[in-house]
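Please work through the following exercises with the sequence and the model open beside you, trying each task before you read its solution.

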Amino acid sequence: MKLLELHIEGFGKFHNKTISFHDGMNVIYGKNEAGKSTLHTFIRGMLFGIERGRGRAAKSDLYSRFEPWENSGTYEGWLRLESGGTIYRLERRFRRDSKTFQVINETLGREEEPTKALMDRILGGLNETTYNNTISIGQLKSATEDGMVNELKNYIANLNTTGNISLNITKATAFLRNQKRSLESNLVPDASKEFTSLLTEIRNLEAEIASPEYENQLSSLQKTREQVRGVIESTRAEKDELDEKLQKSKVLLSEHGFSDRRSVEACREQADGLYQIYTRTMRECGKKFRKVLAVLLLLLAIGGFGAAAFLALNGYPSGMLPQTGYTLPLFVPCLSMAGVAVICLGLSLLCLWKDKNYRQEMEDAKEKLGQILKQYLSDDAISSDSMIALRNRLDEFAALCDMVSRSEAAVKKYLEDINALQTRQSGCSEQIEKQQRTQWELEKKLERLSDCRMKARALKRVLAENDRIREESAAIDLAREVMTDLSSSIRDSFGLYLNKTASAYISGITGGIYDSMSIDENLSVFLNTRTRLVPLEQVSSGTIDQVYLALRLSAARLLQGDRKEAYPLIFDDSFTQYDDDRLHTVLDWLEKSYDGQLILFTCHRREAQMLRARQLPFHLIEI
């Protein structure tokens, strides 16, 4: 078998991706998370399909992990391969709600029905278990799966008997085990106890049917429920009427900007504060001494500035000079008079500013208070009477707020009463349903009583059938014992087949460092030295990977049997543990000794570099 080409329409991170494979060595390079394992899983899925798990397992199974990242409706692709000289194209759609599988014979140009016999012929007898444990070497694996042991044992048993794969001991044993389980599921081992149990059940059913529990009380319960329904309707009508009045009151309060009593009190406090500011500032504005004082101070300032100017221009007047002979400099009295004038001017301006500030404060208070009066009294005239009228109006709104609170409490009480009545109504309904179930149970008990009587009559026939089942079960046990003896003989010869093939491979893979290995019936591996057998656990990880490769190849060789066409080998970062020398050796050996197709997934470039350096042919694919 040889892989030719694949196309991914939608699978994991890939969308509309095509890759071609050549004969011999194919190196698929990609960095970590580039999608190598996705391609590897796609090949496996195209060969054997992908089933979606159930329950919690579906969240992390292969189907969910590799659903397309984009355009999720295209979960599909195709794979071209050559088998027995014929080219086939396998087309699969993995989507659970539209899953399909088609096989196209490109050599003959026709579609073939994808039967198990056809797939066995195309894949050379491979199933998913043997594929995973032989030709497909998954990422960093170092041991085969448990299922592979039975697959190899069955294959060797077939070679020893019929020379083909028509016999499968495991399946035959499982079939007999299932047959026995199916027969024993029909046994009635305690027939006499069952008969006694049936008689006891019949007596108990007759006593239950005659009990007062099954008396019909539906009529009185239905009457009570109707009465409660009438009370609920009347209570709900009263609640709706009160609710309507409550909503109207809330709308009225909302239209005037009130939500509760605190908002009314806040409005009252604001109005009273503004009125106090207005009356205080109006009294201050009525006082005239500030204006008179401002005028006098202004006149003094003008006189001071005039005297300073006169002295500065004309000097001291005659008669003002002192007789002492000492005269003050002229600028001293000039500056003193000017300073006094500035102080008088400042005080005059301060008096004027204070008067203006009182007037501005009065106007602001008047404007805001006027807005409040106009909103609630439709008149912005400010007076003691208007303030009394405003307070009365706000008292009305406060009373309305209190009424709304009381109404809300009443509505809440109505709701509690309705809930209590509904609970009572539900209780009546539950009792009615219980009565109906009781009548239904009565009918079922009558049916059960009839059924028990029929079973008691049929019990003698069951006892005869039990005898026949036990005879057949004994025959199955004898057949399984023969199968066990055959399995023991297979286990004795299994090691010889696998040891011979694996030992032939280990020498080439290790470059002659080891030339022999032993594998027991449990696939425990030992390396042979001249003095002792070395368990695989005691060698390096690199040697373990080399032995693992030899085991895989030998198992694949055994499964291949007499077929001339070799299986392709698929590696997914399988040489991570190899140093450069080991990698050189295994690449040389694979290229020279394995005549089938090789597909190597790797996140390192050293494989391609080594192949180029040694001039070994290979096909490089970068993703």
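## Exercise 1: Two residues with unusual backbone angles

Asn-16 is exposed, with a relative accessible area of 51%; here buried stands for under 20% relative accessible area, exposed for over 50%, and partly exposed for what lies in between, with a 1.4 Å probe and protein chains only. The model is predicted, so that local features need pLDDT of at least 70 and side-chain atom pairs count only at pLDDT 80 or more, while totals for chains, interfaces and linings use all residues. Residues are numbered from 1 along each chain as its sequence is written, and side-chain values use heavy atoms, with hydrogens and water left out.

**Task.** Find where Asn-16 lies, and describe its phi; then do the same for Glu-33.

**Solution.** Begin with the general expectation, which is that most residues other than glycine have a negative phi. Asn-16 is not a glycine, and yet its phi is positive, at about 55 degrees. Its place is in the loop between strand S1 (2-10) and strand S2 (17-20), where helices (H or I, at least four residues) and strands (E, at least two) are DSSP runs numbered from the N terminus. Next, Glu-33 is likewise a residue other than glycine with a positive phi, near 70 degrees. Glu-33 sits in the loop between strand S3 (25-29) and helix H1 (36-48), and it counts as exposed, at 73% relative accessibility.

## Exercise 2: Helix H1

**Task.** Work out what span H1 has from its first C-alpha to its last, and how many of its residues are buried.

**Solution.** H1 has 13 residues and reaches 19 Å from first C-alpha to last, which is close to the 18 Å expected at 1.5 Å a residue; the expected span is 1.5 Å times one less than the number of residues. Turning to burial, 11 of these 13 residues are buried, so H1 is largely enclosed by the rest of the structure. Among the buried residues are Leu-39, Phe-42, Ile-43 and Leu-47. Directly after the helix comes Gly-49, with a positive phi near 85 degrees.

## Exercise 3: How H13 packs on H14

**Task.** Describe the packing of H13 and H14 by their angle and axis distance, and list residues that meet.

**Solution.** Two packed helices are described by the angle between their axes and the distance between the axes. Helix H13 (residues 541-560) and helix H14 (residues 580-593) pack at about 15 degrees, with axes 11 Å apart. That makes H13 roughly parallel to H14, since angles under 35 degrees count as roughly parallel, over 145 as roughly antiparallel, 65 to 115 as roughly perpendicular and the rest as oblique. The axes are lines fitted to C-alpha atoms, for helices over the stretch in contact, and angles run from 0 to 180 degrees between N-to-C directions. On the H13 side, Gly-542, Thr-543, Gln-546, Leu-549 and Leu-553 meet Arg-582, Val-586, Trp-589 and Leu-590 in H14, where contact means heavy atoms within 4.5 Å. By class, this contact of H13 with H14 has five nonpolar, three polar and one charged residues; Ala, Val, Leu, Ile, Met, Phe, Trp, Tyr, Cys and Pro count as nonpolar, Asp, Glu, Lys and Arg as charged, and the others, Gly among them, as polar.

As a last step, consider H13 alone: 18 of its 20 residues are buried, so H13 is largely enclosed by the rest of the structure. Its reach is 28 Å, close to the 28 Å expected, and just after H13, Gly-561 takes a positive phi of about 60 degrees.

## Exercise 4: How H14 meets H15

**Task.** Decide how H14 is oriented to H15, and name residues in contact.

**Solution.** The axes of H14 and helix H15 (residues 606-613) come within 11 Å and cross at roughly 60 degrees. That makes H14 oblique to H15. Asp-580, Leu-583, His-584 and Leu-587 in H14 meet Arg-606, Glu-607, Met-610 and Leu-611 in H15. This contact of H14 with H15 has four nonpolar, one polar and three charged residues.

## Exercise 5: Asp-380

**Task.** Is Asp-380 buried, exposed or partly exposed, and which residues does it contact?

**Solution.** Asp-380 lies in the loop between H11 and helix H12 (384-509), and at 46% relative accessibility it counts as partly exposed. Leaving aside neighbours within four places in sequence, Asp-380 is in contact with Gly-370, Leu-373 and Lys-374.
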